[in-house]
Every structure is written in C-alpha cells, then in structure tokens.
Protein chains: 2
Amino acid sequence: MSVSFHIDASIGGARKGRLVTPHAELQTPVFMPVGTVASVKAVPQDTLEELGAQIILGNTYHLYLRPGVEIVRRMGGLHGFMSWPRAILTDSGGFQVFSLSQLRKVNEEGVTFRSHLDGSSHVFTPESAMAAQIALGADIVMAFDECTEYPADRERMRASMEMTARWAARSKKYFEEHQWDVPWSHVSDLEFQVSSGTAPRNPRPEARNRTAERRSAQPPGAAVPRNPESTQSLFGIVQGGMDRELRRESAERTVAIGFPGYAIGGLSVGEPRELTREIVESTLEHLPKDQPRYLMGVGTPEEIVEYAGLGIDMMDCVLPTRAARHGLLFTSEGKISIKQARHAQDSGPPDPKCRCRVCQRYSRAYLRHLYASNEVLAQVLNTIHNLAFYLDTMQRVRHSISLGEKTRFLAEVWSQPKA
Amino acid sequence: MSVSFHIDASIGGARKGRLVTPHAELQTPVFMPVGTVASVKAVPQDTLEELGAQIILGNTYHLYLRPGVEIVRRMGGLHGFMSWPRAILTDSGGFQVFSLSQLRKVNEEGVTFRSHLDGSSHVFTPESAMAAQIALGADIVMAFDECTEYPADRERMRASMEMTARWAARSKKYFEEHQWDVPWSHVSDLEFQVSSGTAPRNPRPEARNRTAERRSAQPPGAAVPRNPESTQSLFGIVQGGMDRELRRESAERTVAIGFPGYAIGGLSVGEPRELTREIVESTLEHLPKDQPRYLMGVGTPEEIVEYAGLGIDMMDCVLPTRAARHGLLFTSEGKISIKQARHAQDSGPPDPKCRCRVCQRYSRAYLRHLYASNEVLAQVLNTIHNLAFYLDTMQRVRHSISLGEKTRFLAEVWSQPKA
C-alpha cells in the first residue's frame, strides 16, 4: 500500500487522522492549496513550506497542455519539476475538461476537447488520464470521471453516474498495470525488491532504462519519496448529481471497485449550499469510515470547518488564492476587500489575530496601496495571508478534534465569520 | 551630521567604504534596488533583507501621485509605510517628471506637469519636491534638478545646468529649514536634546503635536532610526549634459553650495556608453574624494563594476528588476532569455555559480514554464535571482577592493560577461 490512513481522535462524524503518502505524512483534516500549473499562484515553494502546506494540488488538464506531461516526467515528475518535497495530488482532468475546454464531445471511450489555450484537439480517456497522472507523479491521483452539470434531470444524472462508474473501473485497471512507471519509483532499479516480493511482478527492462535516464536529467534538489518502495495511490470519485439515491448507488459501486480513498465530486457547481451539505452528509454514510474522504473544490473558511465537522478529511479550493488576487482577504473579522478606500490610512494589520508573516509586518494601508497601484507584490502578500488563514483554520479544527471537546469544536465552527 | 562616510580601502580611484545613515550603515560601493512605489516590484521585504539589500530607492514622482505623501508621512514615512527597517533614498521627482509626465512646462519657479495616471495637473518646485521628500522620510534625499535631454546643444545644456544649480541652492535652503519635520525624527519630542544643543534651534510646538499624532498612527512594526537624534541628508546633483567643461562647472557650483554627498545625474539617457564613462570619469575629478559619489540610473552588471572601479560609491538601476519581468536573467554565463524553448528541458539552475534561493531550488525548465504560462511566480523568482546577481556582484567588488589586489579587481571587472 502506498497510502495508509490512521484515525487518532474523533467527535461525532469529525475525525483527526494521519494520511501517510510517499512524500509526506499529512495531518487530517487537511486543506490542499491549488497549484494549477505547478505553481500555487504567486507563492514561492519555500513560503508554502513555512505556511505549513502539507500537500498541494496540481491540475492534470492544465499541466497536460502546458508544459506537457513528458517534460514533467523527465524532471522527476511534479515533485522534481517544481521542487516540492511534500505531498501532491492531481485531479484527473475531468473537471477542467468540462469547465474550461471548448467543443467537448463525450462518448463511452472518453472526451474529445479543444484546448482553451490554442484550440488544438485532444482526447482524454480513463487510460490516457491515468497515463498523464502517472507521468506527473503525484502521491495521490484521481480516477477519470464525468462531472455532471447542474442542473440536470434524473435520467442524465444516472447515465453520467453510470459512465463515471465504468470509467473508474477502467482507471483502476490501467493504473494497476502502470503505477510503477511513476518517475520517482525506485522499484524498477532496485534488484533486491524483486526477490523480496515488493516489486511488481514484471519489472520491465525498458522501465529500468527510463529510470536511469530520468535520474540523470533530474535537478539536484529533486524530491525523493520517504519510502523508496512506495508508489502512487488512486482514489475513486463519487458522482450522482444532486440525487441522494444516485449518490448512494455511486458510492456503493465505487467502493465495490475498491480504492484506498474516495472523493465526492460534482459539487460546488452552482447548487445552493444547503443542498451541497445535504449531499455531502448523505454520501458520507455510504463511504468506508476507515478510509480518507476527499470533498473536491470547496469552500469558504466556514464551509471547510463545517465539512470537516461532517467527517471530510481532505479539501481543496481555489478560493483563498483567487480571491487574494482580487483583493479579498479572509480574516477573523470577516472578509475584507482591501481595495476599499477606508483602508487607505489604516495602519493596523490585515487580521489582528493572524500570526502570518504578512499580518506581522504590513498594514492594511500598505496592502491597499499595493493593490490600487497594481503591484505584483499585492498578489503575493494577499495570497500568503489567505493561505495562512485557511491552513490555520484547519489546524484549529484538528486541535479541537484532538481535544475531544464537542462544545469547543462547535465554537470553532460557529466563531467563523459568515462570508 | 546625519550621514557620515568612511573609506576603509582603495585601489586607484575605486574605494571600499561605509556610509552611515540613520537607518543603516551601508557597505560601499552599494547597489540600490529600485522600489518605485514603495515596493521593489514582486519581492517581499523579508526576501530583500535575505538578499542583503542595504538600501532601496523610492521614486518621489510616483509616490507623490499614489498613494500621496501625506498618507506615507502619517504612517511614519516610507520606512513605516512599507515596513522597511534599512536605509532608503528618494529621488527628487525631477527625472520622472521629464521622462513620464505629459505636457510639462518648465520655468524658473519649477515644473508644471500632468500625471501619467489620470492627467491631473501638478507643480514641482525645489521647495515642494523637498517637502514631499521630507514627508516620505528617506535617509537620503536628492536636490530637485532638471535632467537635460539628449541630444542637446551647448546653449541648452548650459542653461539647464545653471537652473539646476539655482534649484540646488533653493533645495538646500528649504531642506535646512524643514529637515527636522521628518516623520521619524524624535528630536521635536525629546526635551533633553534642546538643552544638549542637538535639537534644532526652534522646535516648534506644532511639530511636537504632529509627532505624537504620527506615533499613534504608525504600524507596530514601524522602523526606528538607530540614532534618535538623526535626520535626513540632502545630496546635490551634477548636471551639464555631455559636455565635460559644463560638468566641471556644475560640479564646482554644486560643491560650493555644499552637500554631504554628490550625485551624477543626466546620464544613461540615450548616449553611447563610452560617452557615459568619459563623463563619469571626468566629473569625478571635480568631486570631493572624501564624500560619497552616486551615479544615478546605471547600469548592466559589467557597467556597475566598471563605475565602481572609477570611484563611484552608490548606484541604482531598474535593469535587474525590469529585465526579470521580461524573462531576462543575468548569470555568470551571460544574459539568458528564459523564455527560449532551449531551456524547456534544462534541469540545471539558472546560474550554476549563484547561491541565491532561486538557483538553489529551481531549474531553468521550471522558470521557463512559469514564464511561458504567464505565472506571477515567474516575476517573483526572476527578480529575486537578478537582484541576487547584482548584489553579489557588488559584494565581490567590495571584497576585491578590501584585498587591495588590483589584478584581482581587474579580473573581477573583466570576468563579467558582456551583456
């Protein structure tokens, strides 16, 4: 097994745990900053480390188009390419194909789409999406799914959910056959593992040659996994639209295929937040309690606390980084728009309760000036603060769960300002 | 005296020294990164500190237009506003008025100009430019001068040089009358200094009230000067176009007015580099050897080494920061354009001899990808490297001078790659 999950404490549905991946042991519930094209926008990797980011997310669709997975593979995968030693998760490309690309055509085989960059034509199938993610080399990769649009009728939701289930089986089959091709796997050139039985049954000579070639091409600081015998893990994705019954069926079919972790996809696509919560809550009932559960693409600070309270272990969202670039800061006093003139002479920090390097050093007046002057540093500093706020929020959630104090945990939940 | 200058070693005209300013003791020759509107574009202040930036430059023209000098003054001057504890120098606004603003009208009184931001009309006089710089509160401020255009005939160069000389006298007069109004001066509210004779002769009650008001408005981390009895210093500027005789006359007239340091302005305005060097060399002969000499707005890495070799102590230039944002990196192997496809699979560092955090962590392939993808992080990392290259270059120059090895210094000069 290349990931293992341990639950150390729980309150109601919420749990505090450890997800051990090849490159890092994650404290859960964990928030994963989004690093679309191998960069969490505007933030250097050493700053991400200081902020305590344990795992970041890369978007397969974007990376496939630019710089291309082959270049990343030759640099040792995303870890080597972007010099990030901790954990990485890649999505399957499915969501971006549906939200960003033009002229997509879906059939049983996969999706034909045109690049949003240059209009060129491409195909993603469960197999090619797996191949791309193996080349990118994230610790955790996701099955290729169809993100059902919202709203959709029940017929459509069922058909889409059933195709996602068939694609999940194909994803798993391809992944199991090729997972040891991951750029940082040492299995194919460590002979002893063959005899000890930990290596794949058929370590192919060409894989060994590729490993040697990759080694020489990798930057000196390329990250190495903690355990050289480890490789990637593939998580399944539950779809089913906004129908609780279809969600149950999707969960059961995905669990029947069998994955070391499960994601809930197809939410935060325009539906009301109460509906999101209802679907999350009902879907969780049908997922194994002893495996990690990942809610994709959510949410505000108060929402991530709420979902952690329901028993979600992993979340990602572009909100803290994207909002930062638009001058929106999340603070203990609520969301503030730093561009407003009322901050022009405010010598106080963005968030008086925040201990991040931005709040320790700069005033709202200065951040407002940087934003109004269109300075690049505005994007850098705003993003650092928002990520600190999200990561600290999740840290407090973990602390509350470990104390085992339900009242305290609820206080955490409800002391969050309403966005 | 609020600055003092000490020469510790020299080779020929080149000297290694220490320039003591209220906020920092600078090792000279020193390169000053340009922080146009209170930000060295794309670089957080703590990173600038790690890079070893001893002093940065602010542009009075830009800061006057946005955010406005009054806001900066209330935040404790630029040091408090941008949270920069080391030294700052501001230019007088003269150069930007001539290069950026529209519809300028120059007469003996000063310059009327329209903002390049919104077309609004403004006037800079020697007095108002000093008032602005006192409010901004840099350690070193510059006399208001006219930057003579290139090419210009001798008549024009003489008239311009003479007006700069008259403006220098007016700048000095206003500065001496108001220099204790600097936002971080403690003189006006430290009673003992009145009796000890270090305070200005007439500490006015209103200045004292303003100081108290400023104190309460300043961010907690606002920088304080090392010596509470210190204030700003005003440097004079030599003009005179490309005429050695006019340069001599300008130098003599500026020295006769009397300043604690002298700048050479009006160069790097389009003239050939040999002419720049000739004017610098001949002007230096007429400047006091025991005072700091500042060459404004130059240059490439090889040029800053060359000018330091001639005896220049201070330099500033937008080249490292601006070039970085256009994907041009200065390296020990020469200038490279990171956007070129040949770097797409290069796992080596930008500069194999550089010890900056960018070269220690990232590959050319990664930087090329960030630039091609228009990622903000490209601007951040490219700028950090280029500043490291400039600051390290100057560090090597100082080391060579302190060793007293002429051959070694020349080797430094000529080992610089030709840009």
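A nonpolar core is a set of buried Ala, Val, Leu, Ile, Met, Phe, Trp, Tyr and Cys residues joined through side-chain atoms within 4.5 Å. Keep that in mind for the first stop. The model on screen is predicted.

**Stop 1: the core**

Select A:V280, A:L295, A:M315 and A:Y366, then add B:L295, B:M315 and B:Y366. These residues have the most contacts inside the largest nonpolar core, which has 170 residues. In soluble globular proteins, nonpolar side chains tend to be buried together.

Now centre on A:M315. What is A:M315 in contact with, leaving aside its neighbours within four places in sequence? Its partners include A:V30, A:F31 and A:M32. Add A:Y294, A:L295 and A:V298, which also touch A:M315. A:I304, A:Y307, A:A308 and A:M394 complete the list.

**Stop 2: salt bridges in chain A**

Over all chains, the whole structure holds 56 salt bridges. Start with A:D8 and A:R18. Their closest N and O atoms are 2.8 Å apart. A:D8 sits in strand β1 and A:R18 in strand β2, so the salt bridge ties together parts that are 10 residues apart in sequence. Both ends are partly exposed: A:D8 has a relative accessible area of 42%, and A:R18 has 25%.

Move to A:E127 and A:R170. Their side chains form a salt bridge at 2.9 Å, N to O. This pair links helix α6, home of A:E127, to helix α7, home of A:R170, across 43 residues. A:E127 is partly exposed, at 23% relative accessibility.

Stay on helix α7 and pick A:R156. Its salt-bridge partner is A:E146, with the closest N and O atoms 3.1 Å apart. A:E146 lies in the loop between β10 and α7. Which end is buried, at 3% relative accessibility? It is A:E146. A:R156 is partly exposed, at 26%.

Next, select A:R158, A:E162, A:E249 and A:R253 together. Salt bridges that share partners join them into one network.

**Stop 3: where the chains meet**

Colour chains A and B separately. Here 44 residues of chain B are in contact with 44 residues of chain A. The two chains bury about 3600 Å² between them, 53% of it on carbon and sulfur atoms.

How many salt bridges are there between chain B and chain A? The count is 6. Zoom in on B:D46 and A:R357, a salt bridge whose closest N and O atoms are 2.6 Å apart. Polar contacts between the chains number 22 residue pairs.

Finish on the side of chain B that touches chain A. Elements giving two or more residues there include α1, α14, α15 and α16 of chain B. By class, that side has 25 nonpolar, 10 polar and 9 charged residues.

How values were computed:
Residues are numbered from 1 along each chain as its sequence is written. Chains are lettered from A and ligands numbered from 1 in the order in which they are written. This is a predicted model: local features need pLDDT of at least 70, side-chain atom pairs count only at pLDDT 80 or more; totals for chains, interfaces and linings use all residues. Side-chain values use heavy atoms; hydrogens and water are left out. A salt bridge is a side-chain nitrogen of Lys or Arg within 4 Å of a carboxyl oxygen of Asp or Glu. Helices (H or I, at least four residues) and strands (E, at least two) are DSSP runs, numbered from the N terminus. Buried means under 20% relative accessible area, exposed over 50%, partly exposed in between (1.4 Å probe, protein chains only). Contact means heavy atoms within 4.5 Å. Buried area is the accessible area (1.4 Å probe) that two parts lose on being put together, summed over both. A polar contact is a pair of N or O atoms within 3.5 Å; within protein, one must be able to donate a hydrogen and the other to accept it, and residues adjacent in sequence count only if both atoms are side-chain atoms. Ala, Val, Leu, Ile, Met, Phe, Trp, Tyr, Cys and Pro count as nonpolar, Asp, Glu, Lys and Arg as charged, and the others, Gly among them, as polar.
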